[in-house]
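Please open the structure in your viewer and keep the sequence panel beside it, since the tour moves from one selection to the next.

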Amino acid sequence: MPDLARSHAVVIGAGMAGLTAAQAISGHFGKVTIIERDVLPAEAVPRSGTPQAQHAHMLLAGGLKALQTLFPGFENDLAEAGAVNIRTGKDIRFERPGFDPFPIRDLGIHIFCMSRPLLEAVTRRRVLQSPNIDIRVHSRVTGLVASRDATRVEAVRYDSEDGPVTLEANLVVEASGRCGLTLRLLEELSLQKPEATEIGIDQAYASTIVERPPDHNADWLGNITLPSAPASSRGAFLFPIEKQRWLLSVGGNHGDAPPGDRAGFMDFVRSLRTPTIYDAVRDARPLTDIVRYQLPCSTRRHFERLESFPAGLLATGDALCRFNPVFGQGMSVAAQEAVILDRLLAEGVPMERLARDFFAAIQDTIATPWGVAVSDFVYPATRGVRPADLAQRLQYGMALTKLAADDPEVHRLTVEVSQLLKPQAALREPALAARVISLI
Ligand SMILES: Cc1cc2nc3c(=O)[nH]c(=O)nc-3n(C[C@H](O)[C@H](O)[C@H](O)COP(=O)(O)OP(=O)(O)OC[C@H]3O[C@@H](n4cnc5c(N)ncnc54)[C@H](O)[C@@H]3O)c2cc1C
C-alpha cells in the first residue's frame, strides 16, 4: 500500500465535482493535480467546457452544507462575492398547480443564489489556497494508463500546450462530466462496464440574464413556476444572482423546446402557466444573448454492482450520475460525494478497496435525488422503466403537497428532503404516511 502522504492524485476536470473531490483528497495525499482542458477565467464568466453553466443553477442547502464542510467559511466567501442570501420558502416564490403561490413561510433554511460561474470561481479560489493542489489548464486528458497486470490505474495521458504528457498517479478521479475515459479503460482491459439506468427526458432549456430592476418592489426576489404536467412541461426559474441581476431559465421537454431568439423566447415566457415571471421581466434590460441546452436523458451508472474495477480509479459527479437539471441536484450531490470520499480516506480505507467502498457509500446519497426523478414519468413520452406503482407514488406526492401547504412542519420536511438535507424515506415515516394517505 502506498504511503498516501507521499502519494500523488490526479483529478480530471475542474468543474464542481473535480474541485470538491480535489479538496477532499488534498488532506490525505501529498500532492493533487487537477487537469482541465479549458483555460480557467479569473473572473466569474462562462467557459466552453461547462456550457450548462449559463443556465440557472441552484445550490441546494444539502450542497451548501457539504461545501461548508469541505471549505470552512464558504458561506462568507459566497456572501462576499455577491451571492444573494435566500430564505427558502420565503424569498423565492414557488408556483405550482393549485398553489399560486405555495404558502410563503420562512422555514429557517437558507441558501445562496448566484451564477454557476461565480460559485465555481469561489470554489476554485478556495481550492487553490491548498498548498498541495495544482491545476493544469489547457490540458485535455486523452487516456488512463493501467498497470501491466491490469489491476490498477497508474497514470493519465494528456495533451498539453507543449505536447503529450504522461503523469503518474496513485489515484485518478474522473470528474469530466462524462465517463468516457473510465468506460474506455474498462473496455481496453476487457472488464465489465457498469450498467446504466437511463430516463429519457428530452429536457430543453433556454436562458438569459436581465437587469433586476432596482424598483422591483414585490415581496419576492425570485420565482419558480412549475408546469401543469402532464398537459404542459413549460416551467421557469427566475433567480436573483450577483450584481443585481436575474437569471431566467425556461424549459420544456419532449420536443417543446424554448426558442433561441428573443421574441420567441419572450412568447414562451408569456405562455407559462402564470404571468408572474413575464410581468417581472418584460421591461427588464437584457444583459446577455439567449443560450440553449438540450439534455436527452438522466443517467445513473451502477459502478456499485461491478465485481471487479481497477484500483486507484474513481468516478464522481455527472460522470457517475447525471440528474434531470430541473431538480437542481447535480452540484450538491457532487459536493456530498466529495465529503464521503474525505471520510473514507480519513478512515484509512486502503487503495485496493477505495473504489468499492466509495461506490457503495454514495448510494444512499444518490438514492434521494434519483428517487425524485420518478416524477419525470408523469409525461407519457418519458422513456425508461416506469415503476409499477407510479400512479400511487404520484397520488402520494400530490396529497403530501396538500398537507405541506396546510402544515408548516410538513412543509419544512418536504423542503429538507428536496434540498437534500434529509433522505426521501423521511416522507414515508408511518405517522406522516397515515396522514398523507387519509387525503387520497
Ligand atoms: C441546463 C442545466 C442546468 C443545471 N442546473 C443545475 C442546478 O440548478 N443545480 C445543480 O446542482 N446542478 C445543475 N445542473 C447539473 C450540474 O451542472 C452538474 O451536475 C455539476 O456541474 C457537476 O458536474 P461535473 O463537475 O461532474 O461536470 P462538469 O460541470 O461538466 O465539469 C466537467 C469538467 O471537466 C472538464 N473536462 C471534460 N473532459 C475533460 C478531459 N478529457 N480532460 C480535462 N478536462 C476535461 C470540463 O472542461 C469541465 O470543466 C444543471 C445541468 C444542466 C445541463
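**Starting from an enclosed strand**

Begin by selecting strand E14, residues 245-253, where 9 of the 9 residues are buried, so the strand is largely enclosed by the rest of the structure. Bear in mind throughout that this is a predicted model. If you show the side chains of E14, you will find both faces covered, with Arg245, Leu247, Ser249, Gly251 and Asn253 buried on one side and Trp246, Leu248, Val250 and Gly252 buried on the other.

Next, add the strands that pair with E14. Strand E11, residues 196-211, runs antiparallel to E14 and is joined to it by 9 bridges; to find the register, centre on Ala204, which stands opposite Gly252 in E14. Then select strand E13, residues 235-241, which pairs with E14 in the antiparallel sense over 7 bridges, and in this pairing Phe237 has Ser249 of E14 as its bridge partner. Follow the chain from E13 into E14 and you trace a hairpin with 3 residues between the two strands, where Lys243 in the turn has a positive phi of about 65°.

**A loop residue in contact with Trp246**

Now select Ala284, which is placed in the loop between helix H7 (276-281) and strand E15. Is Ala284 buried or partly exposed? It has 18 C-beta neighbours inside 10 Å and therefore counts as partly exposed. Leaving aside neighbours within four places in sequence, Ala284 is in contact with Val210, Glu211, Pro213 and Trp246, and Trp246 is one of the buried residues of E14 already on display. A C-alpha to C-alpha distance drawn from Ala284 to Arg212 should read 6.8 Å, although the two residues are 72 apart in sequence.

**The ligand and its shell**

Move to the ligand, and display the 36 residues that surround it, of which Gly15, Gly49, Gly177, Gly317 and Gly330 are the closest. The elements that give two or more residues to this shell are helix H1 (16-26), strand E7 (140-146), strand E15 (291-301) and helix H8 (330-346). Among the contributors, H8 supplies the largest share, with 4 residues. Colouring the shell by residue class will divide it into 16 nonpolar, 15 polar and 5 charged residues.

Why does the ligand lie between two domains? Colour domain 1 (4-76 + 118-196 + 299-371) and domain 2 (85-107 + 198-296) separately: both give residues to the shell around the ligand, so the ligand lies between them.

**From the shell to an open sheet**

Strand E7, which gives residues to the shell, leads to the next selection, an open sheet of 3 strands in the order E7-E8-E9 with antiparallel pairing. The edge strands are E7 and E9 (163-168), each of which pairs on one side only. Neighbouring strands of this sheet are turned against each other by 25° on average, with direction ignored. Within the sheet, strand E8, residues 153-160, is joined to E9 by 6 bridges in an antiparallel arrangement, and Ala155 can serve as a marker, with Glu168 in E9 as its bridge partner.

**A strand with two unlike faces**

Finish at strand E3, residues 84-87, which has a covered face formed by Val84 and Ile86 and an uncovered face formed by Asn85 and Arg87. Add strand E5, residues 110-113, which runs antiparallel to E3 and is joined to it by 4 bridges. As a last selection, show Ile86 from the covered face of E3 together with Ile111, the residue opposite it in E5.

How values were computed:
Residues are numbered from 1 along each chain as its sequence is written. This is a predicted model: local features need pLDDT of at least 70, side-chain atom pairs count only at pLDDT 80 or more; totals for chains, interfaces and linings use all residues. A residue is near a molecule or strand if its C-beta atom, placed from the backbone, lies within 6 Å of it. Ala, Val, Leu, Ile, Met, Phe, Trp, Tyr, Cys and Pro count as nonpolar, Asp, Glu, Lys and Arg as charged, and the others, Gly among them, as polar. Domain bounds come from an automatic or database domain assignment. Two strands pair if DSSP finds at least two bridges between them. Axes are lines fitted to C-alpha atoms, for helices over the stretch in contact, and angles run from 0 to 180 degrees between N-to-C directions. A residue is buried if 20 or more other C-beta atoms lie within 10 Å of its own, exposed if 12 or fewer, and partly exposed in between; C-beta atoms are placed from the backbone. Two residues are in contact if their C-beta atoms, placed from the backbone, lie within 7 Å.
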